[in-house]
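Got your viewer open? Load the model and keep the selection box handy.

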Amino acid sequence: RAASASPPPRRRTSPAVASAPSRDMGQKGKSILLRLVSEAGTGFFYTTRKNPARTPHKLQFVKYDPVVRRRVLFTEKKMPSGKKR
């Protein structure tokens, strides 16, 4: 029997894709996380993000506080750091 010498099967390769500009892992931009804390004193808060370069002032919104079941003023506070001693 004569065995034909066939070349090994070729692997498929994907075309070269232009990569995006390199960033650190997880970096989404210059925005920071913050809390909007209820001024009713209930301790209820919403979380949001803000770009300090575009919005240098403190955020204030009238939003619903389910503890007092009313719309109350919520103001910006710093998010607590996740580090515990």
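Here is a short walk through a predicted model, one selection at a time.

**Stop 1: strands 1 and 2.** Start by selecting 32–38, which is strand 1, and then 45–50, which is strand 2. These two run antiparallel, with 6 bridges joining them. To see one rung of that ladder, pick Arg35: its bridge partner in strand 2 is Thr47. Now follow the hairpin around. There are 6 residues between the strands, and Gly41 in this hairpin has a positive phi, near 80°.

**Stop 2: the other partner of strand 1.** Add residues 70–78, strand 4. Strand 4 pairs with strand 1 too, again in the antiparallel sense, over 5 bridges. For a rung here, click Leu34, whose bridge partner in strand 4 is Lys78.

**Stop 3: the nonpolar core.** Keep Leu34 selected and add Leu36, Leu59, Val72 and Phe74; together these 5 residues form the largest nonpolar core. Strand 1 and strand 4 are the elements that each give two or more residues to this core. As a general point, nonpolar side chains in soluble globular proteins tend to be buried together. Next, centre on Phe74 and show its surroundings. Beyond its neighbours within four places in sequence, Phe74 is in contact with a long list of residues, including Leu36, Phe44, Tyr46, Leu59, Phe61 and Tyr64.

**Stop 4: a charged pair.** Which residue forms a salt bridge with Lys50? Select Glu76: the closest N and O atoms of the two are 3.0 Å apart. The pair ties together distant parts of the chain, with Lys50 in strand 2, Glu76 in strand 4 and 26 residues separating them. The structure holds 1 salt bridge, so you won't need to hunt for others. In general, side chains of opposite charge can pair when their charged atoms come close.

Is Lys50 buried or exposed? Lys50 counts as buried because its relative accessibility is 8%, below the 20% cut-off. Glu76 is buried as well. Show what surrounds Lys50 and, leaving aside neighbours within four places in sequence, you'll find contacts that include Lys30, Ile32, Leu34, Pro56, His57 and Leu59.

**Stop 5: out to a loop.** Finish at Arg69, in the loop between strand 3 (60–65) and strand 4. Check its backbone: phi is near 55°, a positive value in a residue other than glycine. With 67% relative accessibility, Arg69 counts as exposed, whereas Lys50 and Glu76 are both buried.

Technical notes: Residues numbered from 1 in each chain as written. Predicted model: local features only at pLDDT ≥ 70, side-chain atom pairs only at ≥ 80, totals over all residues. Heavy atoms only, no water. Helix = DSSP H or I, 4+ residues; strand = E, 2+ residues; numbered from the N terminus. Buried < 20%, exposed > 50% of the residue type's maximum accessible area, 1.4 Å probe, protein only. Contact = heavy atoms within 4.5 Å. Salt bridge = Lys/Arg side-chain N within 4 Å of Asp/Glu carboxyl O. Core = buried A, V, L, I, M, F, W, Y, C linked by side-chain atoms within 4.5 Å. Pairing = 2+ DSSP bridges.
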